[in-house]
Amino acid sequence: MKRLSATELRAAYLAFFAERGHTVRPSDSLIPENDPTLLFTGAGMNQFKDMFLGVGNLPFKRATTCQKCLRTGDLEVVGATPRHHTFFEMLGNFSFGDYFKKEAIEWAWEFLTGVLGIPEGKLSVTVHTTDDEAAELWRGRIGLPASRIERRGDHDNFWPADAPAQGPNGPCGPCSEIYYDLGEGVNEADRQLEIWNPVFTQFDRSGPVPGEGALNPLRQKNIDTGMGFERLVAVLQGVKSNFDTELFMPIITRLSQIAGRAYVFDSASGVKMRRIADHARAAAFCVADGATPGNVGRRYVVRKIIRRAVRDGVDLGISEPFLHKLAPVVSTILGPTYPELPGQLATVQSAIENEEVQFRRTLDKGLARISLLAAELTARHRTTLDGEAAFALFAEQGMPLEIVKEEMAGAGIVVDAAGFEAAMARHREVSGGATADTVFEVGPFEEIRAGRPPTRFLGHTEQKAPAKIAGIIAGDRRVEQATSAHGDVALILDRTPFYGESGGQVGDRGRIASRGAEFVVHDTKRVEGYHLHLGRVRHGALSVDEPVEAQIDAAWREAVKKNHTATHLLHQALRRRMPGAAQAGSLVAPDRLRFDVSFTRREFPDLADLERDVNALVLANLPVRTEEMPLARARELGAIALFGEKYGDQVRLVNIGDGASRELCGGTHVAGTGEIGGFRVTSLAPIAASVLRVEAVTGAAAIEAAGRDRAVLAALSTALKARAEELPRRVEALQGEVKALRKELDEVKNKQARGGVEDLIRAARRVGDAAVVAGVAPGAGAKNLREMSDLVKGKVRSVVVVLGSDEDGKPNLVVAATRDLVERGFDAGAVIKEIAPKIGGGGGGRKEFAQAGGKDAAGLHAAVEAGADLAARMLGGLHPLSP
């Protein structure tokens with residue numbers, strides 16, 4: 001058996017199938033392009049969905065790929081087993097109505113035994129119980145004995161799994177899995193390792209109820225092969241785990257250095273290190289492909305993956321953000337195969353670091369809340385945390401379900417995962433984030449798309465054009481005619497001048513009219529090459545196949561064009577002023593533009609410098625030229641690709657001047673930079689760790705912004721009795737005076753606070769060998785409360801202090817405890833989390849000291865009383881002092 005590296009295996013596989021007439025295609029993005037039915041690309045066949053459905057128009061019948069994939073179905077066992085991953089690579093060969101079972105089986109066997117040299121005796125196969133054809137091919141053509149051909153049912157050998165019984169409607173079929181025998185010394189249940197799986201999509205199941213329709217033979221029979229890349233690398237290299245290959249070990253080695261501890265395979269820390277290595281790969285590629293952490297859809301998945309890795313890192317003793325430091329290692333390993341990762345590395349590191357910093361701020365609070373809930377459930381002899389409470393921990397504390405389950409398991413409590421998912425689904429429905437995850441979902445848009453070619457976009461040269469209505473969607477139905485009674489409607493045209501929202505540029509507005517009807521377009525979306533014109537029928541009726549005239553709002557478009565070209569100029573100015581900066585998002589609207597840029601050094605450009613750079617290019621009136629060309633050629637010219645965008649083989653290059661800016665862009669632009677008319681920054685500030693946001697306006701809006709700034713400056717000069725150039729020095733002097741006055745006020749408050757401490761101590765509540773000191777100090781600030789709590793702890797041996805104050809209408813709370821009580825189990829952070837909502841706020845801290853601020857001073861006394869009561873109950877439940 002040949003010992004190949006990961007790089008050599010990829011090359012050998014693709015070359016093998018290229019020699020057999022397959023077109024080698026690049027990996028698709030992890031984010032399926034314009035496919036709302038998928039959160040992530042989970043298989044090699046996803047990018048060929050249209051070809052499998054028989055509606056694609058790719059110029060080939062055979063393809064082979066090495067596809068990056070993401071799945072989270074096995075998230076809970078990642079790191080604990082040798083084979084499970086979230087991010088992985090899948091080698092695949094595909095046939096669209098060309099070859100079928102015979103060639104798929106023969107080539108699989110030839111590659112495994114001939115090219116790779118795997119001994120035939122180490123391989124066995126499975127086939128579907130009804131698939132006599134495949135079984136006979138394995139016996140007759142390959143020569144496998146019957147003892148190494150096992151027949152299995154729908155769950156194991158039909159794709160999608162269980163399709164005849166319950167799977168979704170659409171193409172499906174039996175499959176034939178190839179297994180490698182790992183030999184003696186392996187757990188018997190894990191000894192047979194699946195490494196190859198050709199799916200024979202020969203049926204189309206359809207019916208009114210998904211999963212209950214008949215299996216009808218497809219007009220076109222297809223092959224969809226998936227080969228486990230990481231698994232086969234491990235087999236060829238003779239190691240016991242995928243994590244022991246060069247795909248993972250450099251990440252684990254770097255993690256070991258950061259954590260300051262050795263990697264031990266058979267240990268709890270080893271499981272955590274493997275999981276972190278896996279999640280580092282997943283997070284890096286998700287962000288590189290445009291999926292940043294968030295609370296809805298795929299962004300929630302990315303957040304969950306990052307936060308679980310951070311939790312593991314905390315358990316390993318890593319006290320500072322670390323996950324972003326693993327991204328360069330991932331890039332070194334996989335960057336040569338997937339150049340989009342090193343190209344977006346700064347953005348990747350910035351997004352991951354920001355998420356970790358944000359999570360670490362709430363992690364202690366969340367863990368304290370989980371600890372308190374666990375204690376309460378145990379005291380009530382409950383063994384289950386309901387799903388609503390688990391979701392509240394995520395929504396309020398950012399704690400993913402997996403972390404809640406792990407923490408609760410330590411207290412012998414299980415979490416109602418189904419209830420959590422139901423609460424999450426309700427949240428997504430309210431927030432508009434519900435997403436289907438089946439591959440072949442059929443809806444009104446799919447019905448139209450199956451019978452109509454994509455919309456031809458004319459908007460780069462035309463503002464008005466004749467067209468024909470290709471489809472109408474009203475609500476969730478495809479209709480043949482639309483009137484004002486339908487309300488919001490989407491029209492799909494065969495050709496259009498309307499730009500569909502993409503690349504940060506908003507969609508066009510305008511009107512679509514026939515002889516007897518008018519449709520007002522308030523937005524335009526682009527989905528899989530089809531332009532959806534969203535709006536309402538103003539009068540009359542519009543029908544499918546009816547000729548119409550489509551006309552954009554020219555003023556809207558002109559304003560957008562100015563801002564879009566200005567965005568390109570701003571991008572170049574930022575890259576010049578901030579070496580290593582990378583675009584991390586944008587918005588191009590008619591009234592403003594917004595540009596987010598990641599940076600590696602916290603050195604922001606001067607606002608005036610940015611304006612000067614951009615306006616110099618505006619005044620130069622540089623020509624803006626566009627050209628269609630192959631993607632490879634555009635990259636040779638140094639074109640910049642936009643964050644989160646996916647590109648085909650042919651791209652549109654927007655070139656400003658003689659190389660002043662070169663970007664891949666399908667948006668609309670002015671003919672010369674002079675048309676922008678002027679550029680003014682309205683805001684420049686960081687929005688996250690290592691991400692800077694610039695907001696600006698152009699043209700007349702820039703002049704208006706300058707006028708407003710001048711008016712503000714004049715008002716300040718009048719109020720402070722100083723000329724404009726003297727204002728900075730005058731403001732600095734005033735700040736000094738304010739600081740001195742505040743210091744005097746603090747001294748007065750501290751004196752008053754010290755005078756009230758003795759009264760609070762005399763009113764202390766005794767709980768066993770400890771005391772609870774509680775009260776409200778009117779007028780004191782948060783700093784004063786802390787000093788008061790320190791005074792109490794210095795005077796009372798074993799004490800919990802619960803204090804509140806109302807400073808200028810802003811309520812504050814502190815909870816503190818002496819070290820001996822903390823060592824016995826008291827948690828100030830848990831108390832503050834319970835009482836902070838009573839003042840309309842939130843807070844947190846350590847077990848010995850926590851604080852909170854709020855908005856509702858009316859609840860201050862109730863919060864202090866509740867805190868004192870809770871502290872007393874907790875003191876009563878502490879374990880006793882050691883003898």
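A charge is taken to sit over a ring if NZ of Lys or CZ of Arg is within 6 Å of the ring centre and within 35 degrees of the ring normal. In this predicted model, arginine 20 meets that description: it lies over the face of phenylalanine 16, at 3.6 Å from the ring centre. A second case involves arginine 786, placed over the face of phenylalanine 849 at 4.2 Å from the ring centre.

Phenylalanine 16 leads on to the aromatic contacts, since this residue belongs to a cluster in which ring pairs link Tyr13, Phe16, Phe17, Tyr99, Trp107, Phe111 and Trp196. The count for the structure comes to 21 aromatic pairs. One of these joins tyrosine 13 and phenylalanine 111, and it is classed as edge-to-face because the ring centres are 5.4 Å apart and the planes stand at 85°. The two partners come from distant parts of the chain, tyrosine 13 from helix H1 (residues 6-18) and phenylalanine 111 from helix H3 (residues 101-115), 98 residues apart. Tyrosine 13 is buried, at 0% relative accessibility, and phenylalanine 111 is likewise buried at 0%.

Phenylalanine 111 also pairs with tryptophan 196; here the centres are 6.0 Å apart and the planes meet at 50°, so this pair is tilted. Since tryptophan 196 is in strand E9 (residues 192-206) and phenylalanine 111 in helix H3, the contact ties together parts that are 85 residues apart in sequence. Both phenylalanine 111 and tryptophan 196 are buried.

Turning to the cysteines, a search of the whole structure finds zero disulfides. For cysteine 66, the closest cysteine sulfur is that of cysteine 69, and no bond is assigned because the distance of 8.6 Å is too far. Cysteine 175 is in no disulfide either, with the nearest cysteine sulfur, in cysteine 172, 11 Å away. Cysteine 66 is buried, with a relative accessible area of 7%, and cysteine 175 is buried too, at 2% relative accessibility.

The backbone offers two further points of interest. Most residues other than glycine have a negative phi. Aspartate 545, however, has a positive phi of about 75° although it is not a glycine. This aspartate 545 is found in the loop between strand E22 (541-543) and strand E23 (547-552), and its relative accessibility of 39% makes it partly exposed. Lysine 721 is another residue other than glycine with a positive phi, near 55°. Its place is the loop between helix H20 (699-720) and helix H21 (727-762), where lysine 721 is exposed, with a relative accessible area of 75%.

Methods. Residues numbered from 1 in each chain as written. Predicted model: local features only at pLDDT ≥ 70, side-chain atom pairs only at ≥ 80, totals over all residues. Heavy atoms only, no water. Helix = DSSP H or I, 4+ residues; strand = E, 2+ residues; numbered from the N terminus. Buried < 20%, exposed > 50% of the residue type's maximum accessible area, 1.4 Å probe, protein only. Disulfide = S-S within 2.5 Å. Phe/Tyr/Trp six-rings, centres within 6.5 Å; stacked < 30°, edge-to-face > 60°.
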